[in-house]
Amino acid sequence: MNRRVLAFAATACAAGCGSSSSPTASSAPATHSASLAISTDGATLYVTQPDNDSVSFIDRASHAITHEVLLDGMASAQDPTTKRFDPAVGPRALALNSQGTTLYVTGQRSGHVYAVDTATATLKTDVPACSEPVGVLVSPDDQSVFVACAQDDEVLELKASDLSLVASAACSRKPWALAWAADGKTLLATHFLGPGVTAFNTAPLAVQTVWPVPDLGPKTDPTEPHGQVRGIYDAVVRPGTSELWVAHIMLGTDTPQPTLDFEETVFPSLSIFDETGNQITRLSVAPNAGDNGAFGDIVSGPRAIAFSDDGKLAFVVDADSEDVLIVDADRRVEAQIIRPLPGHLPEGIVWSRGEIFVQERNSEDIAAFRIDEGDAGVTVTPDGTPFPSLGRDPMPANLRLGQKLFYSANSDDVPITQNHWVACATCHLEGRSDAVTWLFAQGPRDTPTNAGGLLDTGFLFRTADRNQVQDYWKTIDVEQGGDFSATSMEQQPLLQAIADYANYAIPTPVPPRTDASLVAHGKMVFANAGCGNCHLGPALTDSGMANASLDLGGAIVSSATVGGVLLHDVGTCVTDGPWPDVPHQDIASHARPACAFDTPALRGLWDSAPYFHDGSAATLDAVIPIMLQASAPAGGTAPVLSASDEQALVEYLKSL
């Protein structure tokens, strides 16, 4: 039974929506970064293809692909030796200049920014910019291109003519999406894992202030919307107003198992701010139908926002529940929902002349819908069947299926959750970590990353409770409210597809820019301090050492022993407080002690903060003294590092 509904926290106004969908209306220039754009004349769609290292040009009238621009000279392909599928460019966002003559594209994997001539569909300029550029936006005068550098924690200003560097501004962690504020001069950048939105002056480029998207504390009823703000994917100013609408989720980490379930885990949200950064309201879920003029449908994973030209309708793409929520932006209530979408993993949306176009990344197509409004409300009419956005899918079928399942909370399609609530990607945002600590039955547990695959990282879980990704059927059932079984012949191919995707198709994070000389020095410090005693091998972990089959039933040992399960007490065990680490059993009912931990891999370390099994170390600087003490011989003293050695060690760890 659907007992949960989407609602908003402030009183809705009584104004009606009015008409918003004249087919002759002109398309407004894009005011925020996106994966999908449309030409100023409304004739051509431009679509990023992160799984193919390309951008597609699609004719709106015929729905035909007219050009596929390969940004690296070749399409992506699976490595025949390693079986990994790692696109070289990973185009993530694009933006047109005001004349529609140049399309600027960020390559998250390559670190480059690309300028494409839209008339000839050819690459004009290609420059290295930073580590993991995501959001991109063009200045109103077409002179500058702004780029959000997710791993370098900065925003760049590039000269539009040749993409040379003009200025840079350091900011909070993981700047992601970019948007222009209502004044058209202030640049806004979301921060993927919080704290919210940074406002930048642009003449010259400099941080102005931070607009926090505040966490909401625990509620008496844990199904009430609350939690830590994460996954701030998009922000856009509502046309005709100064309101900034921000799409994100909240994670209810205060609820412990066994109470914790899918309805108390994640809350999809839209936060609305005024022009000074004050939060006006937050749209989210509520436990009782009819609360505060409630929305009528549950959604999951808000990913992208678009508005009708007059700002009366907001269209919110929900990647995980695979739908589009249409919001009456005046009254801030649901006007309609498009569910189910005909494809999978919707990531982008654009409005043009009474029609919305939805990019469906997994099924590599575009779904189009006409939007009409009358006395009876909003009417949605499909504009034909979905049309391809890519000529040939480079991703093998098993990985494509696994991608669909990993990102899906569409309970109408697959039994991974209940009521369109939780996907694997809800906590493993972008296949990585949500940077929060959950109160699991075993103790407090920071969400680990899946980036780069898990095949060479030994055992899984912080205390070696599992040995293969397929074991996560239990997570699907317990935390996600799904209905999976490891012994089901029908579901085994689905579990295998999820495992294949996690092991072969989630890229390793690109490290931030580092100083090569410091990295070399830090590598020597790492070895001399004894860090390599436990962090060794391709993934820098001793997990599974002397136990190649990863036999869960081996004896718990503190030094490598044939057939043993190698665990360590590194002094991070939580022994007091309301939720300590406790003895428990692994997935096959073998005993696990409370304070002995599996050595984590260090691949992509910078991207996986906070650190330790309970997320108790926010930075690498906080990790080092604890690990130095753990590396000391029994009864001995920990190595002491000079300030320069410690700085070099941090730089080396950042480079992994």
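**Exercise 1. Burial of an aromatic pair**

Task: Classify F57 as buried or exposed, then describe its ring pair with Y46.

Solution:
- Step 1. F57 has a relative accessible area of 2%. Buried means under 20% relative accessible area, exposed means over 50%, and partly exposed lies in between, with a 1.4 Å probe and protein chains only. Therefore F57 is buried.
- Step 2. Y46 has a relative accessible area of 4%, so Y46 is buried.
- Step 3. Rings of Phe, Tyr and Trp (its six-membered ring) pair if their centres lie within 6.5 Å; planes under 30 degrees apart count as stacked, over 60 as edge-to-face, and the rest as tilted. The centres of Y46 and F57 are 4.8 Å apart, with 90° between the planes. The pair is edge-to-face.
- Step 4. Y46 sits in strand β3 (residues 44–49) and F57 in strand β4 (residues 54–59). The two are 11 residues apart. Helices (H or I, at least four residues) and strands (E, at least two) are DSSP runs, numbered from the N terminus.

The model is predicted: local features need pLDDT of at least 70, side-chain atom pairs count only at pLDDT 80 or more, and totals for chains, interfaces and linings use all residues. Residues are numbered from 1 along each chain as its sequence is written, and side-chain values use heavy atoms, with hydrogens and water left out.

**Exercise 2. A second pair, and charges over a ring**

Task: Work out which kind of pair F406 and Y501 form. Then find which residues lie over the face of W606.

Solution:
- Step 1. The ring centres of F406 and Y501 are 5.6 Å apart and the planes meet at 50°, so this pair is tilted.
- Step 2. F406 belongs to helix α1 (residues 397–407), and Y501 to helix α4. They stand 95 residues apart in the chain.
- Step 3. F406 is buried at 3%, and Y501 is buried at 4%.
- Step 4. The structure holds 14 aromatic pairs. Ring pairs also join W176, F192 and Y233 into a cluster.
- Step 5. A charge sits over a ring if NZ of Lys or CZ of Arg is within 6 Å of the ring centre and within 35 degrees of the ring normal. R173 lies over the face of W606, 4.3 Å from the ring centre. K654 lies over the face of W606 as well, at 4.9 Å.

**Exercise 3. Pocket and cavities**

Task: Describe the largest pocket and the largest cavity by volume and lining.

Solution:
- Step 1. Start with the terms. On a 1 Å grid over the protein atoms alone, a cavity is a set of points where a 1.4 Å probe fits but cannot get out. A pocket is an open set with protein on both sides within 12 Å along at least five of seven lines. Lining residues have an atom within 4 Å of a point. Grid points are joined across faces, edges and corners, and a volume is the space filled by probe spheres set on the points.
- Step 2. The largest pocket holds about 1,200 Å³. Its lining has 48 residues, with H535, T599, P600, A601 and L602 nearest the centre. Helix α6 (620–631) and α7 (643–655) each give two or more residues to this lining. α6 gives the most, with 8 residues.
- Step 3. Sort the pocket lining by class: 27 nonpolar, 16 polar and 5 charged. Here Ala, Val, Leu, Ile, Met, Phe, Trp, Tyr, Cys and Pro count as nonpolar, Asp, Glu, Lys and Arg as charged, and the others, Gly among them, as polar.
- Step 4. There are 6 cavities of 30 Å³ or more. The largest cavity has about 520 Å³. Of its 27 lining residues, H428, F461, Y472, T475 and E479 are closest to the centre. The classes are 16 nonpolar, 7 polar and 4 charged.

**Exercise 4. Backbone oddities**

Task: Locate the cis peptide bonds at P195 and P340, and the positive phi angles of H420 and A546.

Solution:
- Step 1. G194 and P195 are joined by a cis peptide bond, with omega about 15°. P195 is in the loop between β15 (187–191) and β16 (196–202).
- Step 2. R339 and P340 are joined by a cis peptide bond, with omega about 0°. P340 is in the loop between β25 (333–338) and β26 (346–352).
- Step 3. H420 is not a glycine, yet its phi is positive, about 60°. H420 lies in the loop between α1 and α2. Its relative accessibility is 5%, so H420 counts as buried.
- Step 4. A546 is not a glycine either, and its phi is about 65°. At 38% relative accessibility, A546 counts as partly exposed.
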